[in-house]
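This report examines a protein model and the contacts between its residues. The reader is invited to follow the named residues in the display.

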Amino acid sequence: MKQLDGTGMKRLHRDWRRRTGARVAVVLDDVQGPFNVGAIIRTAAALRVDDVWLAGRTPAPTDPKVGKTALGTDRYLTFHRVDTALEAIDAARSAGYRVVGLELADGARPLHELDAVDATCIVVGHEDRGCSPATLDACDEVAFLPQLGRVGSLNVATAASIALYELRRREWSSTEV
């Protein structure tokens with residue numbers, strides 16, 4: 001076994017793109033760590049996220065520290081700058097997305113148990129505070145990522161990456177090869 005060359009990677013990714021039709025978006029609600037934002041951007045580009053809303057004090061893709069982690073992948077995404085997560089949620093809903101807050105909260109359901117839909121927008125919050133109660137109330141649903149160990153929560157970039165991948169994985173597992 002050997003690593004794929006550029007042509008092999010293009011073929012592999014093209015095959016997976018053909019199996020991918022659902023729209024996916026993400027809202028970054030006051031995510032302030034530029035390296036977290038860059039990591040989310042890179043994952044979003046890798047998983048063909050359609051829209052990224054940057055709310056509150058979330059740094060822009062042009063921030064040098066964001067760019068250090070995103071490595072130029074921001075050019076593959078469509079960004080929207082808004083003042084608040086509530087504005088982002090309204091815009092996402094107007095664009096046809098079901099809005100799902102990702103938070104360890106009362107009444108949240110495991111992400112993998114949510115019904116699959118054609119367009120889902122994941123909302124992630126601040127590194128320490130998460131999503132505000134008003135943001136969670138504005139979401140159509142709230143989901144969490146089940147965890148087995150003694151650690152109570154995940155880094156926001158890690159959680160966003162797992163959630164975005166889970167949305168795609170569910171779509172792929174329901175598609176014939």
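## Charged pairs and the interior

D30, R57 and R129 are linked in a network of salt bridges. The model in which this network appears is a predicted one. In total, the structure holds 8 salt bridges. As a matter of principle, side chains of opposite charge can pair when their charged atoms come close.

Within the network, R129 forms a salt bridge with D30, and the closest N and O atoms of the two are 3.6 Å apart. R129 lies in the loop between strand 6 and helix 5 (133-138), whereas D30 lies in the loop between strand 1 and helix 2, so the pair ties together parts that are 99 residues apart in sequence. The two partners have opposite surroundings. R129 counts as exposed, because its relative accessibility is 53%, which is over the 50% required. D30 counts as buried, because its relative accessibility is 13%, which is under the limit of 20%.

Two further salt bridges are found in helix 6. R169 and E166 both lie in this helix, 3 residues apart, or about one turn of the helix. R168 and E171 are likewise both in helix 6 and 3 residues apart, again about one turn. Both R168 and E171 are buried. In the other pair, E166 is buried, with a relative accessible area of 13%, while R169 is partly exposed, with a relative accessible area of 35%. The table lists the distances for the three pairs described here.

| Salt bridge | N to O distance |
|---|---|
| R129 and D30 | 3.6 Å |
| R169 and E166 | 2.8 Å |
| R168 and E171 | 3.2 Å |

## Backbone angles

Most residues other than glycine have a negative phi. Which residues depart from this pattern here? D30 does, with a phi near 65 degrees, a positive value in a residue other than glycine. R48 also has a positive phi, of about 55 degrees, although R48 is not a glycine. R48 lies in the loop between helix 2 and strand 2, and R48 is partly exposed, with a relative accessible area of 35%.

## Nonpolar cores

The largest nonpolar core has 32 residues. Which residues have the most contacts inside this core? They are L28, V49, I122 and V124. The elements that give two or more residues to the core are strand 1 (23-29), helix 2 (34-46), strand 2 (51-55), helix 3 (64-70), strand 4 (98-102), strand 6 (119-124) and helix 6 (156-173). Helix 6 gives the most to this core, with 8 residues. A second, separate core has 19 residues, among them V27, Y97, A119 and C131.

V49 shows how parts of the chain meet in the model. Leaving aside its neighbours within four places in sequence, V49 is in contact with V24, A25, V26, A44, L77, L164 and R168. One of these partners, R168, also meets E171 in a salt bridge.

## Buried polar residues

Is T58 buried or exposed? T58 counts as buried, because its relative accessibility is 2%. T58 is found in the loop between strand 2 and helix 3. A polar atom of the T58 side chain lies 2.8 Å from the backbone oxygen of A55. Apart from neighbours within four places in sequence, T58 is in contact with L28, D29, D30, V31, V37 and R81. Its partners thus include D30, a member of the salt-bridge network, and L28, one of the residues with the most contacts in the largest core.

N36, in helix 2, is also buried, with a relative accessible area of 15%. The side chain of N36 makes a polar contact of 3.1 Å with the side chain of E127. Not counting residues up to four places away in sequence, N36 touches V31, E127, N155, V156 and A157. V31 is therefore listed among the contacts of N36 and of T58, and both N36 and T58 are buried.

## A nonpolar surface patch

Nonpolar side chains also appear at the surface of the model. L4, M9, L12 and W16 make a nonpolar surface patch of about 360 Å². M9 is found in helix 1 (residues 6-18), and M9 is partly exposed, with a relative accessible area of 41%.

Methods. Residues numbered from 1 in each chain as written. Predicted model: local features only at pLDDT ≥ 70, side-chain atom pairs only at ≥ 80, totals over all residues. Heavy atoms only, no water. Core = buried A, V, L, I, M, F, W, Y, C linked by side-chain atoms within 4.5 Å. Buried < 20%, exposed > 50% of the residue type's maximum accessible area, 1.4 Å probe, protein only. Helix = DSSP H or I, 4+ residues; strand = E, 2+ residues; numbered from the N terminus. Contact = heavy atoms within 4.5 Å. Patch = residues over 30% accessible without salt bridge, like charges linked within 9 Å, V, L, I, M, F, W, Y side chains within 5 Å. Areas by Shrake-Rupley, 256 points an atom, 1.4 Å probe, with all protein chains shown as cover. Salt bridge = Lys/Arg side-chain N within 4 Å of Asp/Glu carboxyl O. Polar contact = N/O pair within 3.5 Å; in protein donor to acceptor, adjacent residues only side chain to side chain.
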